[in-house]
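Me: Please take a close look at one part of this model for me. I care about the cysteines first, then the helix around them, and then whatever contacts you can tie in.

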Amino acid sequence: MTKLDPRLHAYRPDLADAALQGRVEAQHFVEPRLMQVVEPVITVHKAPRFDAMQLTQALFGETVKIFHEEEGWAWVQLARDGYVGYVNGNALSSQVMPSTHRVAVPSTFMYPEANLKTLPAIPLTLNAQVAVNSETGAFSRLSNGRFVFTAHLKRVDEVESDFVAVAEMFRYVPYYWGGKSVHGLDCSGLVQLSLEACGKPALRDSDMQEATLGERLMVNDLDTLTRGDLVFWNGHVGIMTDERTLLHANGHHMMVVAEPLKDAVDRIAARYGQLTSVRRLRG
């Protein structure tokens with residue numbers, strides 16, 4: 001029996017997704033329930049503990065498949081990218097509202113009234129999804145009764161044209177392992193978030209992205225690189241903004257920076273190893 005990646009397939013010794021029956025071994029198989037994230041940004045943990053490693057994050061409006069709930073924790077699979085982990089069950093709602101719009105700026109706020117002075121103002125981040133019921137002046141009224149500045153939203157089918165330009169909006173955002181928002185993100189989170197804003201789905205981790213995104217280029221001639229190429233190391237990825245400059249979230253600077261590719265190659269090689277591949281996206 002071929003071993004499936006547990007990051008992308010919901011199975012444990014005691015429990016598994018019913019869709020995996022016959023492909024994995026488990027004591028019980030269950031059909032998932034669909035729920036929706038109702039907090040601005042939530043952590044997807046490796047284990048059902050608040051101090052367990054953050055694997056990734058889920059954003060407001062995302063839907064999740066839930067397989068098991070116990071002591072306030074939910075074992076879920078994110079519908080957007082298939083990632084599996086544990087989340088705070090209180091951040092989910094069984095009332096799933098179809099999304100009409102997405103947040104199209106790095107960060108905005110939900111207000112209790114169509115007035116920028118009202119509180120509490122709840123932050124929403126790029127690619128969070130909302131259901132708009134109507135417009136009131138410069139604001140959109142959401143299905144939850146709150147208001148967002150309309151110019152910060154786009155319809156879910158209205159996508160950006162340049163994922164590099166999206167990524168560049170996050171320059172100087174702090175590095176945060178497993179993060180995927182303006183409050184903090186990691187290298188693959190920056191790539192995923194930027195591509196998703198352009199309507200291009202991407203898996204979450206850098207090894208997944210290296211295996212599935214674009215076409216592989218020869219890496220012995222870095223002078224042939226161009227804007228939008230993805231550069232990979234073992235456990236790391238960056239985005240070329242032009243033929244010589246790499247944009248990446250990294251633990252050396254502890255933020256998103258743009259630096260000469262050669263500097264990054266030399267520094268990373270000295271500590272982690274050589275560049276493993278370059279991928280060029282189609283279209």
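Reply: C198 is buried, at 8% relative accessibility. The model is a predicted one, and every value here is computed from it. C187 is buried too, with a relative accessible area of 6%.

Do these cysteines bond? The count of disulfides is zero. C187 is in no disulfide, and its nearest cysteine sulfur, that of C198, is 18 Å away. From the other side, the closest cysteine sulfur to that of C198 is in C187, at 18 Å, which is too far for a bond. The cut-off for a disulfide is 2.5 Å between the sulfurs.

Now the helix. C187 belongs to α2, which spans residues 187-197. Eleven of its eleven residues are buried, so α2 is largely enclosed by the rest of the structure. The buried set includes small residues such as G189 and A197. It also takes in L190, V191, L193 and L195. Polar side chains are on the list as well, among them S188, Q192 and S194. E196 is buried too. In an α-helix there are 3.6 residues a turn, so residues three or four places apart point the same way. After α2 comes G199, with a positive phi near 75°.

Next, a contact from the loop that runs between α2 and α3 (206-212). D205 sits in that loop. Its side chain meets that of R7 in a salt bridge, 3.0 Å from N to O. R7 lies in the segment before β1 (15-17), so this pair links distant parts of the chain, 198 residues apart. D205 is buried at 13% relative accessibility, while R7 is partly exposed at 24%.

The structure holds 19 salt bridges in total. Another one joins the side chains of R12 and D14, at 3.0 Å from N to O. R12 is buried, with a relative accessible area of 15%. D14 is partly exposed, at 32%.

A further salt bridge pairs R282 with E215, at 3.4 Å from N to O. R282 lies in the segment after β25 (277-280), and E215 is in strand β20 (residues 215-217). The pair therefore ties together parts that are 67 residues apart in sequence. R282 is exposed, at 57% relative accessibility. E215 is partly exposed, with a relative accessible area of 45%. Back at the loop contact, salt bridges that share partners join D5, R7, D205 and D207 into one network.

Last, a sheet. Three strands form an open sheet in the order β14-β15-β16, with antiparallel pairing. β14 (132-136) and β16 (147-149) stand at the edges. Each has a single partner strand, so one side of each is left without a neighbour in the sheet. From one strand to the next, the twist averages 30°. β14 and β15 (residues 139-142) run antiparallel and are joined by four bridges. Within this pair, V132 stands opposite L142 of β15.

Conventions:
Residues are numbered from 1 along each chain as its sequence is written. This is a predicted model: local features need pLDDT of at least 70, side-chain atom pairs count only at pLDDT 80 or more; totals for chains, interfaces and linings use all residues. Side-chain values use heavy atoms; hydrogens and water are left out. Buried means under 20% relative accessible area, exposed over 50%, partly exposed in between (1.4 Å probe, protein chains only). Helices (H or I, at least four residues) and strands (E, at least two) are DSSP runs, numbered from the N terminus. Two strands pair if DSSP finds at least two bridges between them. Axes are lines fitted to C-alpha atoms, for helices over the stretch in contact, and angles run from 0 to 180 degrees between N-to-C directions. A salt bridge is a side-chain nitrogen of Lys or Arg within 4 Å of a carboxyl oxygen of Asp or Glu.
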